[in-house]
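Trainee: I would like to go through this model with you, from the overall fold down to single contacts. Shall we begin?

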Amino acid sequence: MTELDNPTFRLAVAQFDQAAQQMNLDPNLRQRLKMPERSLIVSIPVRMDDGKVKVFSGYRVQHDSARGPSKGGLRYHPDVNLGEVAALAMWMTWKCALSGLPYGGAKGGVRVAPEELSRAELQRLTRRYASEIFLMIGPDKDVPAPDVGTNAQVMAWIMDTYSQQVGFAVPGVVTGKPLSIGGSLGREDATGRGVVYVALEAMRHLGMGIENTTVAIQGFGNVGAHTARIMAEAGARVVAVSDRLGGVYAANGLAIPELLTRYRTEGHECFRDRGVGDRITNEELLALDCAVLIPAALSEQITGKNADQVRCRILAEAANGPTTLEADQILLDKGIFIIPDILANAGGVIVSYLEWVQDAQRFFWKATDIQERLRDIITAAFGETLQFSVDQKIPMRTAALVSGIEKVAQAHLVRGLYP
Ligand code: NAD
């Protein structure tokens with residue numbers, strides 16, 4: 001437990017404990033599911049461009065595999081640690097079960113600031129990491145995908161490293177790959193699209209329309225940027241976006257397509273342009289008076305310290321673990337409708353699942369088929385969670401966790417304890 005002990009892991013376990021208590025979970029299973037099934041820590045020596053060797057720490061954690069191969073992203077960030085990776089792996093288990101995907105949960109990470117590495121260094125780091133965790137991964141074992149700081153190119157290097165080891169192309173070893181090696185249409189914006197689909201369902205439930213609804217988004221990476229674009233396309237007024245250096249605000253709505261184009265080349269600099277909007281800090285963004293607030297960056301952003309200032313009607317958790325337990329209660333007391341992370345950001349793993357299925361059958365679908373299937377799966381999960389929450393008079397987060405944990409528990413109980 002000591003190696004895992006960090007705030008994110010404590011948050012994941014506290015959420016699990018609350019749900020386990022609520023559902024009266026079998027104590028043996030409770031003991032087992034609190035901890036990961038398997039964790040690996042690796043050292044990754046990398047020859048840097050200046051000829052020196054630098055050693056990075058990497059992790060892969062499989063939380064559970066009772067329902068199928070474990071599935072989960074790979075994070076490159078300087079704060080990555082075993083506890084955080086284990087927490088993210090646990091959330092993946094509940095997320096996959098909640099959406100009915102035949103997967104368990106996993107997560108990986110490397111303690112590195114990817115923006116400080118050259119492309120060649122990043123490739124060497126990725127390939128060495130992939131070869132260090134080779135024994136754990138595979139299309140039927142554990143399937144990585146992109147997360148913070150990684151992308152389709154990183155997945156391509158992992159797919160190639162794995163395929164070189166076994167001697168033939170294995171597209172299904174990762175998802176979120178480029179299309180040319182078996183990626184799926186619609187994977188890149190899947191998480192953002194899923195966030196919009198569930199936010200629309202929540203608005204419908206609360207009797208709100210999308211037209212001109214104000215939306216603020218923390219984080220302008222893969223998830224945040226696509227969420228902003230799709231929200232704007234759906235008719236919402238995106239009033240603020242941010243990245244780790246701060247954000248930009250315009251009461252009448254930001255011109256998202258133009259901002260996206262500029263951000264691709266200028267990066268954060270375009271947020272400083274007065275013609276785009278007013279400068280705003282990440283703290284201020286979270287406290288904006290808006291209909292929908294979407295944290296799409298890192299965990300523990302809404303805490304006991306700032307939850308009181310949050311003024312949205314709907315909180316759609318695109319990031320994993322953005323709300324601490326203490327903040328959760330404050331938001332609930334304020335009557336904020338929370339779409340919990342394991343539901344709100346499930347679009348990514350849902351389309352990863354569709355990619356994996358297409359790879360297995362060597363037959364690929366149209367973008368519209370993917371979007372339709374994503375919508376079907378995520379809105380069904382939302383509907384079931386909402387119904388359960390209303391019937392049992394429990395918060396959406398507890399309802400989502402209990403539903404996910406229940407499916408995992410059933411799989412364990414019917415399979416039995418080995419040996
Ligand atoms: P990303 O690396 O593409 O983007 C992260 C964004 O967060 C960047 O804009 C970065 O500048 C910003 N950021 C970093 N630190 C910040 C801080 N302290 N304050 C404000 N902003 C900060 O990562 P991503 O893939 O978009 O992932 C974002 C979140 O969504 C993560 O919590 C991730 O686990 C979760 N998620 C991602 C996926 C996926 O498919 N990529 C799926 C499910 C959940």
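**Fold, ligand and one tyrosine**

Mentor: The protein has 14 helices and twelve strands. Both are DSSP runs numbered from the N terminus: helices are H or I with at least four residues, strands are E with at least two. This is a predicted model, where local features need pLDDT of at least 70, side-chain atom pairs count only at pLDDT 80 or more, and totals for chains, interfaces and linings use all residues. Residues are numbered from 1 along each chain as its sequence is written, and side-chain values use heavy atoms, leaving out hydrogens and water.

Trainee: What is the radius of gyration of the protein?

Mentor: Take it over C-alpha atoms; the globule rule is 2.2 Å times the number of residues to the power 0.38. For 419 residues the rule gives 22 Å, and the protein comes close to that, so it is as compact as a globular protein of that length. Its radius of gyration is 20 Å.

Trainee: What percentage of the residues in the protein is buried?

Mentor: Buried means under 20% relative accessible area, exposed over 50%, partly exposed in between (1.4 Å probe, protein chains only). Of the 419 residues, the buried ones make up 58%.

Trainee: Which residues are closest to the ligand?

Mentor: Count a residue as near if one of its heavy atoms lies within 4 Å. On that basis 23 residues surround the ligand. The closest are Asp-147, Thr-191, Val-223, Ala-297 and Asn-320.

Trainee: How much of the ligand's accessible area does the protein cover?

Mentor: Start with polar contacts, pairs of N or O atoms within 3.5 Å. A side-chain N or O atom of Asp-147 is 2.7 Å from a ligand oxygen. For Asn-320, a polar side-chain atom lies 2.8 Å from an oxygen atom of the ligand. On its own the ligand has 830 Å² of accessible area (Shrake-Rupley method, 1.4 Å probe), and the protein covers 85%.

Trainee: Is Tyr-129 buried or exposed?

Mentor: Tyr-129 is found in helix H4, residues 119–132. Leaving out residues up to four places away in sequence, Tyr-129 touches Val-42, Ile-44 and Leu-74, among others (contact: heavy atoms within 4.5 Å). Its relative accessible area is 1%, so Tyr-129 is buried.

Trainee: How far apart are the C-alpha atoms of Tyr-129 and Ser-57?

Mentor: Along the chain, these two residues are 72 residues apart. In space, their C-alpha atoms are separated by 9.1 Å.

Notes
A polar contact is a pair of N or O atoms within 3.5 Å; within protein, one must be able to donate a hydrogen and the other to accept it, and residues adjacent in sequence count only if both atoms are side-chain atoms.
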